[in-house]
Amino acid sequence: MIELFNVVRAKYIIRENEKMNKRIYLSSPHMGGEELKYVHEAFKENWIAPLGPNVELFEKIVCDYTRANNATAVSSGTGAIHLALKCLGVSKGDIVFCQSLTFAATVNPVMYQNAIPVFIDSEYSTWNMCPLALEKAFIKYKKIGKLPKVVIVVNLYGQSADYEKLINICKKYKVPIIEDAAESLGATYKGKQTGTFGEIGIFSFNGNKIITTSGGGMFVSNNKKYTNQALFLATQARENKRYYEHEVVGFNYRLSNVLAGIGIGQMKVLDKRIAKKKLIFESYKGEFKNIKNLEMMNISKNGEPNYWLSVALLNKESNVKPIDIIVLLEKNNIESRYVWKPMHLQPVYEKYDFITVEANKSVAQDLYERGICLPSDTKMEDKDIQRVVKIIKECFERF
């Protein structure tokens, strides 16, 4: 009897320990419940190929939500940027101004086109492209007769860049903007949805984004010429003839009808996901207000982010470094990570030009070195948030 009691007790302790030490993710997929309805319909009607009613409906829903006039659903945000570059005529040897503080997927398509990236520094107020640095880049490259073909602006971690200033600069030099809104679906700038400020905007539905289609993206534009061209190129650039004819090189970039079904279901819960992301951010902000060497990412007064990831910034004088928090959270089965390493610091891109407001002073590098992305999973409960907070506070007590 005692042995049976001990076995039951041991199993109970193991279960409780597992609950206490359950994995907390940075940002994992979170289904809303209706996704399978549209997936099942695709199977029932045999719309499995990358064509079908789910794709068209998903495009319409995204247009309705963002107020973009036109959309083309594609297989990834990266593919959408590649198509945007193609539509705007970027080719070998062209200059492309691109935000440095971003994920590599923003700039990799520039290389697909054999173009030349020039990296632009960030500003502290939004963490996104600095208008002063952008103006400085234009002045420099105009002098040598090599104005960029395109400027790629990113809405980092779900917060909009300062588009009023950036657009005015680009208009002065008659250069179009591609808006990389991969992380910012649902965020606004002065009341307008992100993704709709550039000549072309793109969204990502990767597994870690605020909503997901497993893998996927969306190309949006108020100019139907571009979405039509994107659709043509994304479906292998097949000419409208009875037989297969191709006059230009195309790509297999179209989103599948099955995955589009997931996207339709996910759009129904987008506002709920944004609200939960904001709750997580505000919870961290409140809990950390008494830690003098830690502050949450600045929220611009120009709009409302979607709070995709809750990002904290350590003060320069802090003894605690991002790696200290990352390792301690890791030991407790909690996922966190560094802020994106700027492109101008990446080995593959370090040979390219990087424009800052002040020489030898990079805002992007400073944010990378002091920033940390905290768990922002919308399935987190209050006890999970408190678990993260407790560990971070312990980290500061240790140092």
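Start by selecting Ser27, Ser28, Pro29, His30, Lys209, Ile210, Ile211, Thr212, Gln266, Arg273, Lys277 and Thr378, the residues that line the largest cavity. Keep in mind as you look around that this is a predicted model. The space these residues enclose has a volume of about 50 Å³. Try colouring the lining by class: you should find 3 nonpolar, 6 polar and 3 charged residues. How many cavities of 30 Å³ or more does a search of the whole structure find? There are 4 of them. If you wonder how such spaces are found, picture rolling a probe the size of a water molecule over the atoms, which shows where empty space is left.

**Next stop: the largest pocket**

Keep Lys209 selected and add Phe103, Ala105, Ala182 and Ser204. Together, these five residues lie nearest the centre of the largest pocket. Lys209 is a handy link between the two stops, since it appears in the lining of the largest cavity and also in the lining of the largest pocket. The pocket holds about 300 Å³ of space, and its full lining has 23 residues. Colour that lining by class too, and you get 8 nonpolar, 12 polar and 3 charged residues.

Which helix and strand each supply at least two residues of this lining? They are α4, residues 77–87, and β8, residues 200–204. The largest share, 3 residues, comes from α4.

**Along helix α4**

Now select residues 77–87 to show α4 by itself. This helix is mostly covered, with 9 of its 11 residues buried. To see them, pick Gly77, Gly79, Ala80, Ile81, His82, Leu83, Ala84, Leu85 and Cys87. Then move past the end of the helix to Gly89, which follows α4 and has a positive phi, near 80°.

**A buried asparagine**

Your next selection is Asn54, in helix α3, which covers residues 53–66. Is Asn54 buried or exposed? Its relative accessibility is 6%, so Asn54 counts as buried. Show what surrounds it: setting aside residues up to four places away in sequence, Asn54 touches Tyr38, Ala42, Asn257, Ala260, Gly261 and Ile264.

**A contact from helix α6**

Go on to Glu135, which you will find in helix α6, residues 131–143. Once neighbours within four places in sequence are left out, Glu135 is in contact with Ile169, Lys172 and Tyr173. Display the side chains of Glu135 and Tyr173, and look for the polar contact of 3.0 Å that joins them. For a sense of scale, draw a line from the C-alpha atom of Glu135 to that of Val107: these atoms are separated by 20 Å, and the two residues are 28 apart along the chain.

**Zoom out**

Finally, clear your selections and show the whole chain as a cartoon. It has 13 helices and 14 strands. Turn it around, and its C-alpha atoms fill a box of roughly 80 × 60 × 35 Å along the principal axes. How does the radius of gyration of the chain fit with that of a compact globule? A compact globule of 399 residues would have a value near 21 Å, and the chain has 23 Å, which agrees.

Two more values complete the view. Buried residues make up 55% of the 399 residues. Among contacts with a separation of 6 or more, 73% are between residues 24 or more positions apart.

Methods
Residues numbered from 1 in each chain as written. Predicted model: local features only at pLDDT ≥ 70, side-chain atom pairs only at ≥ 80, totals over all residues. Heavy atoms only, no water. 1 Å grid on protein atoms, 1.4 Å probe; cavity = no way out; pocket = protein on both sides within 12 Å on 5 of 7 lines; lining within 4 Å. Points joined across faces, edges and corners; volume = space filled by probe spheres on them. Helix = DSSP H or I, 4+ residues; strand = E, 2+ residues; numbered from the N terminus. Nonpolar A, V, L, I, M, F, W, Y, C, P; charged D, E, K, R; others polar. Contact = heavy atoms within 4.5 Å. Polar contact = N/O pair within 3.5 Å; in protein donor to acceptor, adjacent residues only side chain to side chain. Rg over C-alpha atoms; globule rule 2.2 N^0.38 Å. Buried < 20%, exposed > 50% of the residue type's maximum accessible area, 1.4 Å probe, protein only.
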